[in-house]
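The following note is offered to a colleague who is meeting this structure for the first time. Please read the numbered points with the sequence and the model at hand.

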Amino acid sequence: MGNCDEVGASSKQYGVTKPISKAGPTVADIQRTKELEKFLVDSGLYESEEEAAKRVEVLHRLGQVLKSWVKMLIRRRGYTDQMVEDANAVIFTFGSYRLGVHGPGADLDTLCIGPSYVNREEDFFFVLHDILANMEEITELQPIPDAHVPVMKFKFDGISIDLLYASISCLVVRDDLDIADVSILQNIDEPTVRSLNGCRVADQILKLVPNVQNFRTTLRCLKFWAKRRGVYSNVTGFLGGVNLALLVARVCQLYPNAIPSMLVSRFFRVYTQWRWPNPVMLCPIEENELGFSVWDPRKNPRDRTHHMPIITPAYPCMNSSYNVSTSTLRVMMEQFQYSNKICGEVELNKAQWTALFEPYAFFESYKNYLQVDIVAADVDDLRAWKGWVESRLRQLTLMIERDTFGKLQCHPYPYEYMDMSRQCAHSAFFMGLQRKSGEIVQEGQQFDIRGTVDEFRHSVNMYMFWKPGMDIYVSHVRRRQIPSYVFPEGYKRSRQSRPTGQLDNPHKSSHEDISGTEHCERNPKRKYVDKVDVKRDIVVKKQFSVPMDSFARSRLSMGFSGLTADMHNSGHDMIERTKSPESDTECASNSSVVTSLTSDGGSCEDVGSTQIAVSVEDHKGVDGTISGRFHDTACGIHSVPLVENEVARGNEVLQNELQQQLEPNQMPGMFLNSKGSINSDAVQKAIIRRLTPCAMK
C-alpha cells in the first residue's frame, strides 16, 4: 500500500486530461486495501526470496553467455583483438518482471541488444540457438523467428525465459546504454522496433504513474482477476500483461491519490462505461522525424478497424490490443460489468474480496462449444505445434465473425487442457458458441461454416516446421458432452441453475435448434476443401469425438468436413444416422481416421456420422452489438445523441476531460471521426453524456 503521507503530495498532472478526483483514502479504504493485500499474499502471488535471487543469478549468467556469443562472432569474422575486447551485448528486462508484478514461476521477458554486425536471422536464431542447445542448463528450447516479435523461448535452470534480440546501428554497445533515447531507433527495421518497444514502454509506464507502488499492487491484483475470469491472453484476443498495465496506469492517472482498493474499484467503474473504440492513452501521441508509423485512424485505415485501442506511450506509439475482436470485447465487457457489481458490494461491506476472484464457469456458461484438439508424435513436437496453432486460434474467431456477419459469436477460452490417458501428445482448446442476442431467426434458415473451418485448417497446416504426427481436429460438442478431463476434479460437475459469475439477465430468448450432417473425412496436410456457399443464419454442424477410453487404441478425427445449422421452432431433439465406414488407426498415424457418435447417454459407435438437432440457450450479457468501427455508436447505445470529437491538430489525440467524480450513469471516452481530415477549426470540448436506464441495458 502506498504511504499515506504521500497522499495529496503530488500536484503534477499525469495523462492527457485532468484527474477525475484527487480525493485520498478514507479509513475504510485503508482497511479494505490491507484486506486486499493480505488476500494477494495468501493467494501466493509473490515469489519467495530464494526464487527472486535465482532470477537475478540466471539473468547474470545469461548476460555472460550473450557477451561471449558476440565476442565469438567477432573473432570468427577476423576482426582485431581490440574489437573483440570491445564487443559487447547488454540484456534488459521488460514485461511483468520489469514492472515489478511477476509472480512465482512467471516467464522472464528479456531483450538482448547487440551491435550492428550481429544479425537476428543467422547469428541469433542459428548460432546462439546452437550454443544454447548444447548447454545442460537450457531445456525446452523453442525458436519462433516468424512471430510478430521474433523470440526464442527456453528454460534456463528451470526459469522460463522469452529472449528477444535487437541489433542497433552501433559498432560498440555500451553497458550504460540509454534505451529510452529515441536515437536508438535510427536505421533499424520494424521487427527491431517492436523488440525494443517492450522495454521502452515498461520504462515509460513507470514514469507516467503518480505512485509506482500503488500501481504495482493494483496491477498484480487485476492480472490475477483476469486469469481467474478467463480474459488474460493477448494471443487469444483478450488482455495481455502490457494491455492491463496501460489500463491500470490510466486509472492511476485519473485518481492520483487513490490507493489499491480504490483503484481496483474505479478500474471497473471506468472501463464498464468507457466508450470503445475511443483510445486509452497515457500521454499524447507524437510523431518523430524517424518516420515510423504511429497509431492514427485519420491516416491509417487499418487503425479504424481496431475495437479496443490501448496505445503504448513510447515512440512509435502503437495499439497494443489490436488482437481484440468483436467477440472478445463482448466477453471482456461482460466481465467488467460483473466485477463492477462485485466491487460495489465490497464497498458496501456486502461481499469480500474473494468474490471478485471467483473462477469463471466457462463450461457451464454455454450450451455449444468448439473443441480444437492438437496432437503430435511427442512432447517436444507438441510444444512447437501447439504454440503455432494457439497463435492462429484468433483467426478462427475472426473468420467465423466474418462469414456469419457477426451472427455467430465465439468465446475463445485461453486455457489448454490435456487428456493424459491418450498415447500421443495431446492438447485441447475450447470456444463457447452462441447466437448473437436479439437476432430474429426464421424457420428453415441455415448457415454453413464448413468452408470457414476448412480455411482455418488450411492456414494452420501451412506451418513451415510441420512434422509427421502433427495434426489438428475441430469438433462441435454440447455442454453435457464436454470431456471430463477439463474439470479440476476429473469429473463433470452437476449443472447449476445459473452459471457462476454470470450477469443477471431477465431476458430469455427463444430456443435455437442446431442440426448438422457430417461425415468425418480426414483432411490431409495442406489439403484445401473449396468453401461452400454462405447461407444465413446461425449455428453449427456437429461432430463427436471418440470416447476417452478408446482413444488409446484409435485415432480421433475431428477434422471438419462441414459445420452447419438449421433453425427450427420445435424444442425436442431429432436424431438421424447415416453410417459410413472409416478405418481404425493408431494415434501416431497420419493417414486415416476413426469417427464416433456420442449419444446423450454417453454411448458410442466406432463408425458413423450423425445429424443432430439440439436446443441452444441464449447467453446474453453486455450488448453483443459492440462496434469496433470509429463511425459507429459505441457500446450499441443508440438513444444517446451521437457527438463526434475530432482529433486534435497535429497528431495528438485527445480523450475526454472527465468531471470531478465519475458516476455510474456517466460514460468516459470520446468519439473519433473515422474520416481522414479535420472538419472544424477546433476540437470540440469534451463531454459527458448522461444515459437513460434503457440505454444501459
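**Notes on the predicted model**

1. Salt bridges. The count of salt bridges comes to 27. The model discussed here is a predicted one, and several of these pairs are taken up individually below. Side chains of opposite charge can pair when their charged atoms come close.

2. Overall composition. The protein has 697 residues, and buried residues make up 56% of them. Its secondary structure comes to 12 helices and 19 strands. About 28700 Å² of the protein is exposed, with carbon and sulfur atoms supplying 51% of that area. Of the contacts between residues at least 6 apart in sequence, 77% join residues at least 24 apart.

3. The sheet. An open sheet is formed by 5 strands, arranged in the order 1-2-5-4-3, and the pairing is mixed. The edges are occupied by strand 1 (90-94) and strand 3 (138-144); each has a single partner strand, so one side of each is left without a neighbour in the sheet. From one strand to the next, the twist averages 25°.

4. One strand pair within the sheet. In which sense do strand 4 and strand 5 pair? Strand 4 (residues 151-156) and strand 5 (residues 159-167) are antiparallel, and their pairing extends over 5 bridges. The bridge partner of M152 is L163, which belongs to strand 5.

5. The helix across the sheet. Helix 2 comprises residues 49-76 and lies across strand 1, strand 2 (108-114), strand 4 and strand 5. Relative to strand 5, helix 2 runs at about 35°. The same helix also contains E51 and R55, two residues that the next point considers.

6. Charged partners of R55. Two salt bridges of R55 deserve attention. With E47, the closest N and O atoms are 2.8 Å apart; with E51, the N to O distance is 3.3 Å. E51 and R55 are 4 residues apart in helix 2, about one turn of the helix. Are these side chains buried or exposed? R55 has a relative accessible area of 1% and is buried. E47 is buried as well, at 18%, a value that falls under the 20% limit for that class. E51 is likewise buried.

7. A salt bridge between sequence neighbours. D403 and R402 form a salt bridge in which the closest N and O atoms are 2.7 Å apart. The two residues fall into separate accessibility classes: D403 counts as buried, at 6% relative accessibility, whereas R402 counts as partly exposed, at 42%.

8. A network of charges. Which residues are linked with E57 in a network of salt bridges? They are R61, E137 and D157.

9. The surroundings of C283. C283 is placed in the loop between helix 9 (260-273) and helix 10 (326-347). Although C283 lies in a loop, this residue is buried, with a relative accessible area of 16%. Leaving aside residues up to four places away in sequence, C283 touches V16, L208 and P313. For one of these, L208, the separation along the chain is 75 residues, while the C-alpha atoms of C283 and L208 are separated by 8.1 Å.

Conventions:
Residues are numbered from 1 along each chain as its sequence is written. This is a predicted model: local features need pLDDT of at least 70, side-chain atom pairs count only at pLDDT 80 or more; totals for chains, interfaces and linings use all residues. Side-chain values use heavy atoms; hydrogens and water are left out. Two strands pair if DSSP finds at least two bridges between them. Axes are lines fitted to C-alpha atoms, for helices over the stretch in contact, and angles run from 0 to 180 degrees between N-to-C directions. Contact means heavy atoms within 4.5 Å. Buried means under 20% relative accessible area, exposed over 50%, partly exposed in between (1.4 Å probe, protein chains only). Accessible areas come from the Shrake-Rupley method with a 1.4 Å probe; for residues, only the protein chains shown count as cover. A salt bridge is a side-chain nitrogen of Lys or Arg within 4 Å of a carboxyl oxygen of Asp or Glu.
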